[in-house]
Amino acid sequence: MRQKPGFLFYLMIAGFLFIILFPFLWQLITSLKPPGELFGDHAFRPIIDHPTLENYKRVFTQRPFHLYLWNSFVVASLTTLYCIVIASFAAYAIARLHFKGKTVILGLVLAVSMFPQIATISPIFLFMQSVKLTNSYLGLIIPYTTFALPLAVWNLTTFFQKIPQDLEEAAKVDGATVLQTFRKVIVPLAVPGTFTTAILVFIAAWNEFFFALTINTDEAMKTVPPGIAMFPGQYTVPWGEISAASIIVTIPLVIMVLIFQRRIISGITAGAVKE
């Protein structure tokens with residue numbers, strides 16, 4: 001019989017979860033503190049004497065935070081949609097079709113994703129400026145593909161390789177073309193892996209800071225990360241508002257992961273066990 005986990009096991013799990021969640025919990029506590037409790041003797045106290053939602057109110061009333069959220073959502077969504085569509089065709093070709101240089105292509109994809117942003121920002125910014133795409137959604141979507149598309153191609157290639165080839169051969173016997181096989185057989189089977197990849201790409205685009213800070217300088221076109229970075233003034237740092245904004249930005253991602261956790265887990269574990 002399998003032995004049930006003991007008290008020590010659950011204690012270790014609880015301690016591990018506390019360590020992981022502590023930064024988020026501290027941000028939540030800070031976001032609910034009034035300015036008088038953010039400094040001095042109250043700064044490091046986990047107990048809030050006078051909890052308030054004023055920091056959340058100021059985020060939206062004193063700053064165009066709703067524009068930051070909308071810009072991040074549009075850019076991250078369009079980047080995810082574009083990268084998933086392009087990466088699906090590229091990954092299927094790499095995983096299934098036989099041609100020379102597949103290893104080189106995968107190596108180049110991995111190499112592109114390893115380039116530091118600081119090494120590519122100057123030519124990318126000059127290009128965006130020359131074609132007048134600064135302070136626009138497209139001006140961020142194009143640079144975001146430099147890290148999002150390699151991530152999507154690499155992940156989807158692994159998922160496509162784990163789909164049994166017998167299914168494709170059966171489709172070919174029935175007279176299906178390569179494109180029909182991809183659309184009617186491979187795509188439905190790859191939904192868990194595609195969904196997982198889409199979540200990873202969306203989160204990466206949602207959290208991107210450096211390109212958004214450099215290319216979109218107009219206040220109305222800023223995304224969330226550089227928008228929050230601009231909260232501090234010349235003489236003050238509004239820690240309460242920064243914490244409130246961080247909580248607001250994190251909650252949609254947490255909700256999205258909780259709602260689709262089954263698909264994410266099935267995508268991560270797809271093909272992990274051989275039958």
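UniProt, in an unreviewed entry, places the feature "transmembrane region" at residues 7–29, 68–92, 104–125, 137–156, 185–206 and 242–260. The record's positions are given in the numbering used here, its feature names are shortened, and its annotations may be inferred rather than shown by experiment. The structure above is a predicted model, in which local features need pLDDT of at least 70, side-chain atom pairs count only at pLDDT 80 or more, and totals for chains, interfaces and linings use all residues. Residues are numbered from 1 along each chain as its sequence is written, and side-chain values use heavy atoms, with hydrogens and water left out.

Let us begin with the chain as a whole. It has 13 helices and zero strands; here helices (H or I, at least four residues) and strands (E, at least two) are DSSP runs, numbered from the N terminus. The C-alpha atoms fill a box of roughly 75 × 70 × 30 Å along the principal axes. Of the 275 residues, 37% count as buried, where buried means under 20% relative accessible area, exposed over 50%, and partly exposed in between (1.4 Å probe, protein chains only). Take the contacts between residues at least 6 apart in sequence: 73% of them join residues at least 24 apart. Contact means heavy atoms within 4.5 Å.

The same UniProt record (unreviewed entry) also gives "domain: ABC transmembrane type-1" for residues 69–260. The table sets this stretch beside two of the transmembrane regions.

| Stretch | Helix | Strand | Distance between end C-alpha atoms |
|---|---|---|---|
| Residues 7–29 | 100% | 0% | 29 Å |
| Residues 69–260 | 78% | 0% | 21 Å |
| Residues 242–260 | 95% | 0% | 28 Å |

Now for the interior. The largest nonpolar core has 55 residues, and those with the most contacts inside it are Phe-65, Tyr-144 and Phe-160. Helix H3 (residues 65–96) gives the most to this core, with twelve residues. A nonpolar core is a set of buried Ala, Val, Leu, Ile, Met, Phe, Trp, Tyr and Cys residues joined through side-chain atoms within 4.5 Å. Leaving aside neighbours within four places in sequence, Tyr-144 is in contact with Val-75, Thr-79, Ala-205, Glu-208, Phe-211 and Ala-212.

A few single residues are worth a visit. Met-256 sits in helix H12 (residues 239–259) and counts as buried because its relative accessibility is 17%. Apart from neighbours within four places in sequence, Met-256 is in contact with Ile-199 and Phe-202. Met-256 and Ile-199 are 57 residues apart in sequence, while their C-alpha atoms are 8.6 Å apart in space.

Lys-222 lies in a loop, between helix H10 (210–215) and helix H11 (224–229). Is Lys-222 buried or exposed? Its relative accessible area is 10%, so Lys-222 is buried. Not counting residues up to four places away in sequence, Lys-222 touches Leu-67, Tyr-68, Asn-71, Asn-216, Thr-217 and Met-230.

Pro-35 is in a loop too, between helix H1 (7–31) and helix H2 (54–61). With a relative accessible area of 51%, Pro-35 is exposed. The C-alpha atoms of Pro-35 and Arg-58 are separated by 12 Å, and the two residues are 23 apart along the chain.
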